[in-house]
Amino acid sequence: MSLQEIRRPGHDATAHWFEWAVLWVVIGLLAFGLLSALHDASERAERQVVELTIRNMRTGMRLAMGEALMQQRESEMTAWVGNNPVHWLGSDPAGYRGECSTAESRELPAGAWCFDRDRRELVYRPRHTGHLRVPSTADKDRCEVLSWRVTRVPERMASGAFVGLRLAATADCRWVLGGS
């Protein structure tokens, strides 16, 4: 009896079906892994863009403070507390919608910035919130918005002289991304 006589009819069809099923499972797992990696990369890129934008605002504010100090206009800087830090950028960040009310800032679409004129804060609603957390609480607490405010640096001198300004985060949110 030969090997072909022992095989049942449909054996080849069953073997091919199994091979195709394994192939599709492997392709599906690879696609899932790639999509997950792409999402993480997108969130990392968004984090870097936001951090760079804030860093540029801080740099612009420091340059403006230096200019005011050189021109002996220190008194002007106290009025900058609560100002819109976007003014210290060369151009508006992508997605900037100008000034908004507190209600409008709660309804910002993902990837949008606005200056909440009621709270005097710059607000950003991230596109990806999967890795944004409040560090002091359980990992369940995600942040929906990030915000910053121009504040006065605490006085370090007993004389009460003006020390400076800073752009401080008002939302206690941090991106928690592995390996970064």
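Tutor: A residue is called buried when its relative accessible area is under 20%, exposed when it is over 50% and partly exposed in between (1.4 Å probe, protein chains only). This is a predicted model, in which local features need pLDDT of at least 70 and side-chain atom pairs count only at pLDDT 80 or more, while totals for chains, interfaces and linings use all residues. Residues are numbered from 1 along each chain as its sequence is written, and side-chain values use heavy atoms, with hydrogens and water left out.

Student: Which residues of S2 point one way, and which the other way?

Tutor: Strands (E, at least two residues) and helices (H or I, at least four) are DSSP runs numbered from the N terminus, and S2 covers residues 112–116. S2 is mostly covered, with five of its five residues buried. Its side chains divide into Ala112, Cys114 and Asp116 on one side and, on the other, Trp113 and Phe115.

Student: Which strand runs antiparallel to S2?

Tutor: Two strands pair if DSSP finds at least two bridges between them. Strand S1 (residues 96–100) is joined to S2 by three bridges and runs parallel to it, with tyrosine 96 opposite tryptophan 113. Five bridges join S2 to its antiparallel partner, where arginine 125 stands opposite alanine 112, and that partner is S3.

Student: In the hairpin of S2 and S3, which residue takes a positive phi?

Tutor: Four residues lie between the two strands of this hairpin. The positive phi, near 60°, belongs to arginine 120.

Student: Which element gives the most residues to the largest nonpolar core?

Tutor: A nonpolar core is a set of buried Ala, Val, Leu, Ile, Met, Phe, Trp, Tyr and Cys residues joined through side-chain atoms within 4.5 Å. The largest has 27 residues, of which Trp80, Trp113, Leu122, Leu146 and Trp148 touch the most other members. Elements giving two or more residues include strands S2, S3 and S5 as well as helix H2 (11–70), and the greatest contribution, seven residues, comes from H2.

Student: Which residues do ring pairs link into a cluster?

Tutor: Rings of Phe, Tyr and Trp (its six-membered ring) pair if their centres lie within 6.5 Å. The structure holds three aromatic pairs. The cluster linked by ring pairs consists of Trp113, Tyr124 and Trp148.

Student: Why is valine 134 classed as partly exposed?

Tutor: Valine 134 lies in the loop between strand S4 (132–133) and S5. Valine 134 is partly exposed because its relative accessible area is 21%.

Terms used: Rings of Phe, Tyr and Trp (its six-membered ring) pair if their centres lie within 6.5 Å; planes under 30 degrees apart count as stacked, over 60 as edge-to-face and the rest as tilted.
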